[in-house]
Amino acid sequence: VAMETNGTHELPANLDWVTFSPKDAFTEAENVLTECDELKLVFDGKVDPMAYESVQADHYFLQPCDFGDEVRNVQVTQAVFDYCLKHPKWSISVQLHKILKVR
């Protein structure tokens, strides 16, 4: 059983895979998770991935935020590339539903 969560609630014990995609940088939500299988962080250029280094995960992913503005999207995507090159613990990922225009 796999689950993706924003990490604001405790999880049931019967999960095989947990994807933690925190939204605290965009909302007033408070994270309660400290470990997961993968951490997926939407990167908007302001969020500091180092703030999530204490989360124990097997995989760490940065996803460029989609601003709906092509120029800004290019800038934040470049920032994701630059960050991942300097911090190899993090890998680049994409929000596939945004590319496919699935809502």
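This report describes a predicted model, going from its sheet to the helix packed on that sheet, then to a pocket and a few single residues. Residues are numbered from 1 along each chain as its sequence is written, and side-chain values use heavy atoms, with hydrogens and water left out. Because the model is predicted, local features need pLDDT of at least 70 and side-chain atom pairs count only at pLDDT 80 or more, while totals for chains, interfaces and linings use all residues.

## The sheet

The model holds an open sheet of 5 strands in the order β1-β2-β3-β4-β5, with parallel pairing. Here helices (H or I, at least four residues) and strands (E, at least two) are DSSP runs, numbered from the N terminus, and two strands pair if DSSP finds at least two bridges between them. At the edges stand β1 (2-5) and β5 (90-92), each with a single partner strand, so one side of each is left without a neighbour in the sheet. From one strand to the next, the twist averages 25°; axes are lines fitted to C-alpha atoms, for helices over the stretch in contact, and angles run from 0 to 180 degrees between N-to-C directions.

Three of the parallel pairings can be set side by side, with their bridge counts.

| Pair of strands | Bridges |
|---|---|
| β1 and β2 | 4 bridges |
| β2 (residues 17-20) and β3 | 2 bridges |
| β3 (residues 38-43) and β4 (residues 59-64) | 6 bridges |

Individual residues show how these pairings run across the sheet. Thr-5 stands opposite Phe-20 in β2, and Thr-19 has Glu-38 in β3 as its bridge partner. Further along the order of strands, Lys-40 is partnered by Phe-61 in β4, and Phe-43 has Pro-64 of β4 as its bridge partner.

Strand β3 is mostly covered, with 6 of its 6 residues buried; buried means under 20% relative accessible area, exposed over 50%, and partly exposed in between (1.4 Å probe, protein chains only). In a regular strand the side chains alternate between the two faces of the sheet. In β3 both faces are covered, since Glu-38, Lys-40 and Val-42 on one side and Leu-39, Leu-41 and Phe-43 on the other are all buried.

## The helix across the sheet

Helix α1 lies across β3, β4 and β5 and runs at about 155° to β4. Val-76 is found in this helix and is buried, with a relative accessible area of 4%. Not counting residues up to four places away in sequence, Val-76 touches Phe-43, Asp-44, Gly-45, Pro-64, Cys-65 and Phe-67, where contact means heavy atoms within 4.5 Å. Although Val-76 and Pro-64 are 12 residues apart in sequence, their C-alpha atoms are 6.0 Å apart in space.

## The largest pocket

Rolling a probe the size of a water molecule over the atoms shows where empty space is left. On a 1 Å grid over the protein atoms alone, a pocket is an open set of points with protein on both sides within 12 Å along at least five of seven lines, whereas a cavity is a set where a 1.4 Å probe fits but cannot get out; lining residues have an atom within 4 Å of a point. Grid points are joined across faces, edges and corners, and a volume is the space filled by probe spheres set on the points.

About 240 Å³ of space lies in the largest pocket. Its lining is formed by Pro-64, Cys-65, Asp-66, Asn-73, Thr-77, Val-94, Gln-95, Lys-98, Ile-99, Lys-101 and Arg-103, and the elements that give two or more residues to it are α1 (70-86) and α2 (96-99).

Gln-95, one of the lining residues, is found in the loop between β5 and α2 and counts as buried at 14% relative accessibility. Leaving aside neighbours within four places in sequence, Gln-95 is in contact with Val-42, Gln-63, Pro-64, Cys-65 and Asp-66. From Gln-95 to Cys-65 the C-alpha distance is 8.2 Å, with their positions 30 residues apart in sequence.

## Two further loop residues

Glu-10 has its place in the loop between β1 and β2 and is exposed, with a relative accessible area of 64%. The C-alpha atoms of Glu-10 and Val-32 are separated by 6.7 Å, while the two residues are 22 residues apart along the chain. Lys-23, in the loop between β2 and β3, is partly exposed, with a relative accessible area of 29%. Lys-23 and Val-42 are 19 residues apart in sequence and 8.1 Å apart in space, C-alpha to C-alpha.
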